[in-house]
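Biologist: I am new to this structure. Please show me how to read a few of its features.

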Amino acid sequence: RESDHRAWTPVSYTVTRQNATIQGLIQGKAYFFRIAAENIIGMGPFTETTKEILIRDPITVPDRPEDLEVKAVTKNSVTLTWNPPKYNGGSDITMYVLESRLIGKDKFHKVTKEKMLDRKFTVEGLKEGDTYEYRVSACNIVGQGKPSFCTKPITCKDEIAPPTLDLDFRDKLIVRVGEAFSLTGRYSGKPAPKVTWLKDDTVVKEDDRTKIKTTPTTLCLGILKSVREDTGKYCVTVENSTGSRKGFCQVNVVDRPSPPVGPVIFDEVFKDHMVVSWKPPLDDGGSEITNYIIEKKDTHKDLWMPVTSATVKTTCKIPKLLEGREYQIRIYAENLYGISDPLISDEMKAKDRFRVPDAPEQPIIKDVTKDSAVVVWNKPYDGGKPITNYIVEKKETMATRWVRVTKDTIFPGTKFKVPDLLEGCQYEFRVSAENEIGVGDPSPPSKPIFARDPIAKPSPPINPEAVDKTKNSVDLSWQPPRHDGNGKIIGYLIEYQKVGDEEWKQANLTADSCPETNYKVTGLTEGLTYKFRVKAVNAAGESDPAHVPDPVEVKDRLEPPELILDANMAREQHVKAGDTLRLSAVIKGVPFPKVTWKKGDHEVSPKADIEVTGVGSKLEIRNTVHEDGGMYSLTVENPAGSKTVSVKVVVLDKPGPPRNLNISDVRSDSCYITWMEPEDDGGSVITNYVVERKDVASAQWVAISSSSKKRSHMAKYLMEGIQYLFRVAAENQYGRGPYVETLKPIKAIDPLHPPGPPKNLHHVDVDKTEVSLVWNRPDRDGGAEITGYLVEYQEDGADEWTKFQTVPMLDCVVTGL
């Protein structure tokens with residue numbers, strides 16, 4: 001029955017088990033239940049539940065929480081969030097349990113506080129570099145549910161994220177003067193980036209008008225009441241340890257322009273109009289000047305009259321003027337943002353004020369040559385209009401007609417080189433100036449000049465120096481002057497002065513006595529010190545003197561010998577036989593050294609040509625032979641010392657003859673030839689040997705080897721019994737040397753040996769003083785026919801054998817026993 005009803009409702013008529021399932025109950029209502037047992041006799045008493053039972057689903061532990069995520073990681077903390085389980089087990093979640101496990105350990109440890117219902121938690125106090133994994137469980141009144149899936153392993157370290165920058169402004173910003181503007185944006189990054197503002201590469205600092213505001217996520221630069229100086233390129237930099245980002249904005253603070261720059265220039269003034277010009281404003285207000293507004297005013301009136309407001313040029317024609325009246329001009333500059341203050345001119349009277357130029361002053365003539373002259377003049381008054389051309393004219397002094405020198409324009413220079421003059425003629429010149437009004441009067445004529453090359457004194461000689469000296473003379477040398485003054489140098493004057501004296505003495509009386517650039521000053525006193533100087537002379541006169549830099553003491557000069565070797569005196573000189581050997585060197589020294597050439601410790605060969613000059617020495621041997629090789633030395637000696645250099649000369653030639661030619665191991669068809677290398681290889685490696693043979697009966701030598709590098713050869717294919725001669729020569733890259741020949745011929749026969757012993761010696765008869773012996777031929781005859789048998793006898797007990805005789809046959813009777 002329902003707990004609020006009194007009537008019982010049967011739910012089963014026959015149940016044989018000790019349990020029953022009751023269907024059709026309403027969730028949320030409370031019920032009482034009773035049970036009675038029944039048998040065939042009848043039903044027993046009911047047993048009733050003691051308290052009501054509320055109908056609802058059974059309660060279990062919650063499911064696992066979902067979406068466990070790591071939101072932030074630092075070197076000592078981890079922040080995690082999660083979502084509730086899909087099913088709470090039929091009972092409200094009472095708390096969450098967060099657990100962590102250090103990687104490498106087995107167990108999870110609880111890290112949350114008691115009764116934590118928040119789904120976000122920061123685990124603090126961790127050790128930098130440790131790695132953990134986390135899981136979370138939900139609890140209800142039944143108990144703790146399954147844990148969530150574990151996070152990935154998380155290492156404790158500061159999170160790094162490069163900066164990001166999101167700007168609210170564009171690349172360009174235009175602001176009117178007096179208005180405020182701000183540059184804003186958002187940024188992020190880990191670690192927190194540093195924010196820097198720059199204007200035209202200079203750091204922006206806060207002041208009364210400039211405000212900078214930076215939060216952990218936003219940035220802002222604000223400027224109040226902007227002025228023109230706020231124009232520039234602004235840059236914001238967001239930077240941390242991982243990198244930086246930059247944002248740029250070109251801010252243009254605009255205003256009306258400043259006034260045009262004066263003064264107003266009256267370029268042209270006529271009786272009915274003027275042309276004026278001016279310069280643009282120093283500041284265009286940040287916007288291009290669109291036009292100028294020009295007004296005029298008669299100074300007798302207060303009314304300004306418009307001329308034009310459409311010109312963009314900085315010049316303007318002012319029309320409709322009354323002759324003789326004075327006028328002022330007023331000019332404004334205008335851009336998109338307004339009109340400037342005016343520029344006002346001085347007063348100017350309307351009248352014609354231009355004429356042709358005045359006549360120039362008398363021109364001056366310079367740089368006259370035999371066919372040209374340079375005319376120079378001063379600029380005259382231009383008559384109010386700029387001079388556009390000068391007209392130069394010439395005439396011969398005795399003539400009456402002036403001739404223009406060129407049809408081309410001569411401007412802006414005030415000098416002109418007149419060409420095509422006739423040498424020796426006398427000329428005058430004059431100049432006129434021209435402007436757009438016309439040509440002015442000519443200048444007075446110049447002073448007359450003759451067309452011929454001028455001669456000036458030469459410049460001084462160059463680098464005079466004392467190059468040698470003796471006990472009573474000094475040798476001087478110099479170089480010609482840089483400029484001869486357009487006249488031929490006649491010669492040079494040389495002067496000397498004893499140190500301490502004031503007077504200079506002349507070494508030569510006339511310049512033509514020293515036409516060359518050297519001179520020996522003689523008649524000086526030994527031991528005294530002198531100064532020297534040289535002058536160049538042409539038809540115009542003497543040049544300034546050029547001084548020898550240092551005073552010179554007059555005495556014999558001693559300089560130790562010095563050898564400057566030519567290339568052919570390198571350490572080793574190779575010469576091909578038959579060519580010419582040349583050894584040479586430059587020799588210095590004072591007095592000039594004695595020169596000695598030697599080969600080894602001996603004098604050089606008489607065939608050598610030795611030449612000694614004042615500057616060096618040369619040794620030359622023509623048609624060199626191998627014997628000309630050796631160590632050559634050159635010795636130079638004077639009282640100040642001596643010097644020796646040596647050079648090894650190798651004359652490259654054919655090699656000498658081989659040595660120790662020997663024939664051995666002669667057979668009937670071959671023999672073995674050996675030799676030693678030549679004493680002299682000709683200065684080059686021996687490349688091969690040539691071996692030849694000759695039948696003594698023949699005149700012809702036959703080559704049996706021409707490429708052997710060894711010093712031996714097996715001569716084969718000989719004819720038995722024939723007598724042969726052999727010869728050998730060595731070759732190198734310069735040719736074949738002489739042959740060495742065997743002293744006597746050899747016969748091609750096998751070698752002879754002693755014959756073997758006779759066989760089966762025995763006696764066939766004996767007498768009292770003689771014995772008859774017989775024997776057989778030996779097994780070997782030693783390579784030659786047996787010519788006889790030597791018979792010897794020995795008395796029993798004696799040591800010596802006694803020769804009896806040599807017999808040709810196989811028997812013998814020994815007598816005299």
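The turns below take up one residue and one pocket.

Modeller: The model is predicted, so local features need pLDDT of at least 70 and side-chain atom pairs pLDDT 80 or more, while totals for chains, interfaces and linings use all residues. Residues are numbered from 1 along each chain as its sequence is written, and side-chain values use heavy atoms, without hydrogens and water.

Biologist: Is S684 buried or exposed?

Modeller: Buried means under 20% relative accessible area, exposed over 50%, and partly exposed in between, with a 1.4 Å probe and protein chains only. S684 has 9% relative accessibility, so this residue counts as buried.

Biologist: With which residues is S684 in contact, beyond its neighbours within four places in sequence?

Modeller: Contact means heavy atoms within 4.5 Å. Those neighbours aside, S684 is in contact with N732, Q733 and Y734.

Biologist: How is the lining of the second largest pocket divided into nonpolar, polar and charged residues?

Modeller: Ala, Val, Leu, Ile, Met, Phe, Trp, Tyr, Cys and Pro count as nonpolar, Asp, Glu, Lys and Arg as charged, and the others, Gly among them, as polar. A pocket is an open set of points on a 1 Å grid over the protein atoms alone, where a 1.4 Å probe fits, with protein on both sides within 12 Å along at least five of seven lines; lining residues have an atom within 4 Å of a point. Here 12 lining residues are nonpolar, none is polar and one is charged. L761, L773, V791, E792 and W801 lie nearest the centre of this pocket.
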